[in-house]
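Please open the structure in your viewer and keep the selection panel at hand. The stops below go from the sheet to a helix and then to the ligand.

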Amino acid sequence: MRGYFGIGVEGISKAANLGAVMRTAHAFGASFVYTLGAHHKALQINKTDTSRAQSHLPFYQWETPADMRLPLACPLVGVELCEQAVDLPSFRHPLACAYILGPEQGSLSGEVQDMCSHIVKIPTKFCINVSLAAALTLYDRTLSLGGYPPRPLMPGGPDLAARENWKAIKKRAN
Ligand SMILES: C[S@@+](CC[C@H](N)C(=O)[O-])C[C@H]1O[C@@H](n2cnc3c(N)ncnc32)[C@H](O)[C@@H]1O
């Protein structure tokens, strides 16, 4: 996959959720993870992140939005269920970006929302767990930027010949 991404959470308070976000980020190939104003209890993630993401990718802990040090040309993409957000299935993910999600109780702060170049929402009737929202966002990124062949018209996946053909096309394009 081209480009890179980081993912973080503002005001997270539960270690189980942070551990799940980190494990998910690691599994989807994040380049870094971060917290913003995390509750100290949330940082005790050893039991919940069994993939030991901290040993494999950079983990930043920032206290306030002003402390954040994102790479140059790395826009912030807020993930929040709010009126002005763009539906995730219609969103074009930037090649390089950092996603940010909100706390278990509450939403992304106004200050962080103002820093975001884009805000996206997952089309659900109400808020889902923050680590699930992280997983769905990264899955959507993988679907749209992962270079998978288009789905066939009929139910089922592309057959072996079509998959091999797609691989050859991708190889030539790279
Ligand atoms: C459990 S939700 C916050 C609780 C929610 N504000 C409430 O009180 O109902 C935690 C975070 O998950 C993310 N989230 C959950 N559902 C979402 C959705 N449908 N679309 C986008 N983000 C979502 C947002 O980042 C949100 O701040």
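Strands here are DSSP runs of E with at least two residues, helices are runs of H or I with at least four, and both are numbered from the N terminus; two strands pair if DSSP finds at least two bridges between them. The model is predicted, and for that reason local features need pLDDT of at least 70 and side-chain atom pairs count only at pLDDT 80 or more, while totals for chains, interfaces and linings use all residues. Residues are numbered from 1 along each chain as its sequence is written.

Begin with the strands: select the seven that form an open sheet, with parallel pairing, in the order β3-β2-β1-β6-β4-β7-β5. At the edges you will find β3 (59-62) and β5 (86-87), and because each has a single partner strand, one side of each is left without a neighbour in the sheet.

Next, select β1 (residues 4-10), which runs parallel to β2 (residues 32-36) and is joined to that strand by five bridges. Within this pairing Ile 7 stands opposite Val 33, and Gly 8 has Tyr 34 as its bridge partner. Now add β6 (residues 96-101), which pairs with β1 in the parallel sense over six bridges; here the bridge partner of Gly 6 is Ala 98. Six of the seven residues of β1 are buried, where buried stands for 20 or more other C-beta atoms within 10 Å of a residue's own, exposed for 12 or fewer, and partly exposed for counts in between, with C-beta atoms placed from the backbone.

Which residue should you pick in helix α1? Select Ala 15, which is found in that helix and counts as buried because it has 20 C-beta neighbours inside 10 Å. Then add Leu 43: although 28 residues separate it from Ala 15 along the chain, their C-alpha atoms are 5.9 Å apart.

Move on to helix α4 (residues 160-173), whose 14 residues should span 20 Å at 1.5 Å a residue, a value that agrees with the 20 Å between its end C-alpha atoms; the expected span is 1.5 Å times one less than the number of residues. This helix is hardly covered, with a count of zero buried residues.

Finally, select the ligand, which 17 residues surround, the closest being Leu 81, Leu 101, Gly 102, Ile 122 and Ala 133; a residue is near a molecule if its C-beta atom, placed from the backbone, lies within 6 Å of it. Coloured by class, this shell shows nine nonpolar, five polar and three charged residues, where Ala, Val, Leu, Ile, Met, Phe, Trp, Tyr, Cys and Pro count as nonpolar, Asp, Glu, Lys and Arg as charged, and the others, Gly among them, as polar.
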